[in-house]
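Me: I've got a model open and a few labels I'd like to see justified. Can you walk me through the reasoning behind them?

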Amino acid sequence: MSTFEFLWQGILVAMQPMNLVYALVGVTLGTAVGVLPGIGPALTVALLLPVTYKLDPGGSLIMFAGIYYGGMYGGSTTSILLNTPGESASIVTALEGNKMARAGRGGPALATAAIGSFVAGLIATLGLAFIAPYIVKLALVFGPREYFALMVLAFVTVSSAFGDSALRGLTSLFIGFALAMVGIDQQTGQARLSFGIPDLLDGVEVTTLAVAMFAIGETLYIAAQGNRIAEKVEAVKGSLWMTAEDWARSWKPWLRGTLIGFPIGAMPAGGAEIGTFLSYATEKRLAKNPEEFGHGAIEGVAGPEAANNASAAGTLVPLLTLGLPTTATAAIMLAGFQQYGLQPGPLLFATNPQLVWGLIASLLIANAMLLVLNLPMIGLWVRLLTIPKPWLYAGILLFATLGTIGANPSVFELGMLLTFGLLGYVMRLFGYPIAPTVVGLILGPLAEQQLRRALAISQGDVTTLVMSPIAAGLLIVAAAAFFIPLILRLRGRGQVLSQLAANED
């Protein structure tokens with residue numbers, strides 16, 4: 001069957017009444033959490049994991065994807081009106097968007113962000129549909145060596161992409177590896193690191209860890225910060241609609257942002273933040289009036305917001321085709337797949353094509369829903385910014401606890417929730433990223449399994465791990481992904497030190 005036929009079947013699945021409800025709930029929740037500063041789609045999906053474990057897998061995954069897309073949309077509202085990005089990928093939007101809001105042009109800023117996100121999401125989702133089958137064909141030739149090398153690439157890129165320090169990222173990853181060792185060994189049947197506790201024989205629940213570190217840890221961290229910064233919401237003045245000049249200045253940045261954001265999001269070491277910064281720099285370089293940048297240039301909102309949403313679709317390419325998460329939300333979505341006994345990758349396209357293509361097609365529908373939700377209902381989203389933080393985070397704590405009890409009614413599991421929550425708080429406090437720990441717990445056992453299979457086939461010969469051209473190529477890319485950012489960081493630090501020394505002289 002051709003891609004068009006698969007996509008048409010996916011649209012029929014996504015158009016089922018219950019799946020439309022799941023998509024609507026997802027995009028509404030995603031927009032709401034994107035608007036609220038400090039709460040992102042990763043935290044929301046983590047909270048919903050224990051609640052949805054008995055629901056329909058296809059509908060739940062459609063809802064999670066809707067939350068992801070909605071969070072990318074909603075983050076622009078906070079950036080423009082509050083100068084506080086709801087998502088890290090919305091940082092660039094705040095540079096020009098908040099200046100426009102202060103100048104009484106908050107409406108056009110929100111409009112170009114919403115329409116640009118729609119255009120980018122539409123094009124990028126179609127790109128996902130047409131690129132994914134080719135990557136699947138490539139991945140079907142992978143053996144244990146190639147899969148292990150792919151996991152190594154995932155571990156290195158995840159450690160480097162999250163946080164400011166590769167060393168801290170690797171430390172966080174190895175915490176996840178240690179937790180992945182707990183339980184019964186899949187091949188020998190021996191208990192490992194269970195310390196005689198029966199509840200640990202099944203290993204650490206990914207859902208419990210994700211909810212604890214993203215929800216409990218984040219809540220404790222925000223509570224510890226207090227109300228140090230006074231937040232002022234800029235009122236939306238004048239018309240929400242864009243003028244003819246705004247349209248003329250926005251449509252090219254929308255397309256350029258899409259072309260920049262999608263491939264960067266699809267790369268294993270990608271991420272929405274990189275695409276948005278590149279888009280902003282591109283628009284500033286190509287602008288007819290570059291002096292407007294820093295004072296409210298609409299191109300500085302249109303391009304980065306398009307890149308932001310295009311990268312969201314891009315991150316689903318490695319997640320669905322190879323099982324590799326490149327963002328925190330993608331890591332939690334991977335846990336969602338595994339919650340239903342599904343492993344994203346090439347075999348999923350063969351064994352469960354209705355679910356995969358229904359999920360891809362639902363993104364097209366969710367994109368249209370988001371455009372309808374964002375422009376007419378902007379007043380409602382702005383009112384969410386007035387919710388007192390103590391009420392908001394108390395609700396998150398309550399929801400996280402009740403969700404964990406519902407999924408696994410055990411006192412021991414609640415103790416694990418609190419322990420991992422405190423661990424997440426300490427890691428946030430000292431600048432250690434959370435996502436690599438979750439990725440280590442999810443992918444650690446799979447990497448171990450593939451390594452042991454490869455060594456069993458080669459009768460313990462380690463050198464065969466690099467004898468495959470694909471495996472060797474992936475390991476070289478992994479080494480480059482680790483050392484190149486390190487060298488660039490050291491070079492940048494050296495330049496700063498030399499500049500300081502020159503200034504002293």
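Reply: Sure, here come the labels one by one, bearing in mind that this is a predicted model.

Me: Let's start with rings. How many aromatic pairs does a search of the whole structure find?

Reply: The search turns up 5 aromatic pairs.

Me: Why is the pair of Phe6 and Trp357 called stacked?

Reply: The ring centres of Phe6 and Trp357 are 5.5 Å apart, and pairing needs them within 6.5 Å. Their planes are at 10 degrees, and under 30 degrees counts as stacked, so stacked is the label. The two rings come from distant parts of the chain: Phe6 belongs to helix α1 (residues 3-14) and Trp357 to helix α15 (residues 353-374), 351 residues apart.

Me: What makes Phe349 and Trp357 an edge-to-face pair?

Reply: Here the centres are 6.3 Å apart, again within 6.5 Å, so the rings pair. The planes sit at 85 degrees, and over 60 means edge-to-face, so that's the name. Put the ring pairs together and Phe6, Phe349 and Trp357 are linked into a cluster.

Me: How do you know whether Trp357 is buried or exposed?

Reply: Trp357 has a relative accessibility of 4%, and buried means under 20%, so Trp357 is buried. Phe349 is buried too.

Me: And why is Phe6 called partly exposed?

Reply: Phe6 comes in at 23% relative accessible area. Buried needs under 20% and exposed needs over 50%, so Phe6 lands in between.

Me: Now charges. What makes Arg428 count as sitting over the ring of Tyr221?

Reply: On distance, the charged end of Arg428 is 4.2 Å from the ring centre of Tyr221, against a limit of 6 Å. Arg168 likewise lies over the face of Tyr432, at 5.5 Å from the ring centre.

Me: Why is Thr258 called buried?

Reply: Thr258 has a relative accessible area of 4%, which is under 20%, so buried fits. Thr258 is part of helix α10 (residues 244-266). Leaving out residues up to four places away in sequence, Thr258 touches Ala120, Ile123, Pro263, Ala306, Ala307 and Ala310.

Me: Last one: what lines the largest cavity?

Reply: The search finds 1 cavity of 30 Å³ or more, and about 60 Å³ of space lies in the largest cavity. Its lining has 11 residues, with Ser76, Thr77, Leu110, Ala114 and Asn374 the closest to the centre. Helices α4 (57-82) and α6 (106-139) are the elements that give two or more residues to that lining, and α6 has the largest share, 4 residues. By class, the lining has 6 nonpolar, 4 polar and 1 charged residues.

Methods
Residues numbered from 1 in each chain as written. Predicted model: local features only at pLDDT ≥ 70, side-chain atom pairs only at ≥ 80, totals over all residues. Heavy atoms only, no water. Phe/Tyr/Trp six-rings, centres within 6.5 Å; stacked < 30°, edge-to-face > 60°. Buried < 20%, exposed > 50% of the residue type's maximum accessible area, 1.4 Å probe, protein only. Lys NZ or Arg CZ within 6 Å of the ring centre and 35° of its normal. Contact = heavy atoms within 4.5 Å. 1 Å grid on protein atoms, 1.4 Å probe; cavity = no way out; pocket = protein on both sides within 12 Å on 5 of 7 lines; lining within 4 Å. Points joined across faces, edges and corners; volume = space filled by probe spheres on them. Nonpolar A, V, L, I, M, F, W, Y, C, P; charged D, E, K, R; others polar.
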